[in-house]
Amino acid sequence: MRIYIDNELINEINIKNIQGNKFKKKYYILLNLAIGRKGLKPIDSAMPLTFEIEYVKVYQNN
């Protein structure tokens, strides 16, 4: 599995090596904007924030 943001590879996982291979089940994609600072409250002057997602692509190899 490869994860890209703006065409830059962020993370890569070989799912064949995962015991029980949980990735062969149905699952959801959760997109989250984390705004805390290491468990502290966010800086109020930084608000409001915008979290815009243009699209999400999902590919499957058969």
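Helices (H or I, at least four residues) and strands (E, at least two) are DSSP runs, numbered from the N terminus. The exercises below use a predicted model.

**Exercise 1. Secondary structure**

Task: State how many helices and strands the chain has, and describe how the strands are arranged.

Solution.
- Start with the count. The chain has 0 helices and 2 strands.
- Place the strands. Strand β1 covers residues 2-5, and strand β2 covers residues 8-12.
- Find the pairing. β1 and β2 run antiparallel to each other, paired over 4 bridges.
- Pick out a cross-strand position. Tyr 4 faces Leu 9 of β2.
- Name the motif. The two strands make a hairpin, with 2 residues between them.

**Exercise 2. The turn**

Task: Determine the sign of phi for Asp 6 and for Asn 7, then classify both residues by exposure.

Solution.
- Recall the background. Most residues other than glycine have a negative phi.
- Take Asp 6. Its phi is positive, about 50 degrees, although Asp 6 is not a glycine.
- Take Asn 7. Its phi is also positive, near 65 degrees, and Asn 7 is a residue other than glycine.
- Locate them. Asp 6 sits in the loop between β1 and β2. Asn 7 is placed in the loop between β1 and β2 as well.
- Apply the cut-off. Exposed means over 50% relative accessible area.
- Classify. Asp 6 has a relative accessible area of 75%, so Asp 6 is exposed. Asn 7 reaches 76% relative accessibility, so Asn 7 is exposed too.

**Exercise 3. A charged pair across the hairpin**

Task: Find how many salt bridges the whole structure holds, and say which residues form a salt bridge.

Solution.
- Recall the principle. Side chains of opposite charge can pair when their charged atoms come close.
- Count. A search of the whole structure gives 1 salt bridge.
- Identify the partners. Glu 12 pairs with Arg 2, and their closest N and O atoms are 3.1 Å apart.
- Place the partners. Glu 12 belongs to strand β2 and Arg 2 to strand β1, 10 residues apart, so the pair links distant parts of the chain.
- Check the cut-off. The nitrogen must be within 4 Å of the carboxyl oxygen.
- Add exposure. Glu 12 has 47% relative accessibility and is therefore partly exposed. Arg 2 has 54% and is therefore exposed.

**Exercise 4. Asn 11 and the N-terminal residue**

Task: Give the strand of Asn 11, its exposure class and its C-alpha separation from Met 1.

Solution.
- Assign the element. Asn 11 lies in strand β2.
- Classify. Asn 11 has a relative accessible area of 37%, so Asn 11 is partly exposed.
- Take the separation. The C-alpha atoms of Asn 11 and Met 1 are 8.2 Å apart, while the residues are 10 positions apart along the chain.

**Exercise 5. Surface and largest pocket**

Task: Report the surface and burial of the chain, then the volume and lining of the largest pocket.

Solution.
- Begin with burial. Of the 62 residues, 2% count as buried.
- Take the surface. The accessible surface is about 7,000 Å², and 51% of that belongs to carbon and sulfur atoms.
- Read off the volume. The largest pocket has about 2,000 Å³.
- Find its centre. Among the 33 lining residues, Met 1, Arg 2, Ile 3, Lys 57 and Val 58 are the closest to it.
- Split the lining by type. There are 17 nonpolar, 6 polar and 10 charged residues.
- Find the main contributor. Strand β1 gives the largest share of the lining, 4 residues.

Definitions and conventions:
Residues are numbered from 1 along each chain as its sequence is written. This is a predicted model: local features need pLDDT of at least 70, side-chain atom pairs count only at pLDDT 80 or more; totals for chains, interfaces and linings use all residues. Side-chain values use heavy atoms; hydrogens and water are left out. On a 1 Å grid over the protein atoms alone, a cavity is a set of points where a 1.4 Å probe fits but cannot get out, and a pocket is an open set with protein on both sides within 12 Å along at least five of seven lines; lining residues have an atom within 4 Å of a point. Grid points are joined across faces, edges and corners, and a volume is the space filled by probe spheres set on the points. Ala, Val, Leu, Ile, Met, Phe, Trp, Tyr, Cys and Pro count as nonpolar, Asp, Glu, Lys and Arg as charged, and the others, Gly among them, as polar. Two strands pair if DSSP finds at least two bridges between them. Buried means under 20% relative accessible area, exposed over 50%, partly exposed in between (1.4 Å probe, protein chains only). Accessible areas come from the Shrake-Rupley method with a 1.4 Å probe; for residues, only the protein chains shown count as cover. A salt bridge is a side-chain nitrogen of Lys or Arg within 4 Å of a carboxyl oxygen of Asp or Glu.
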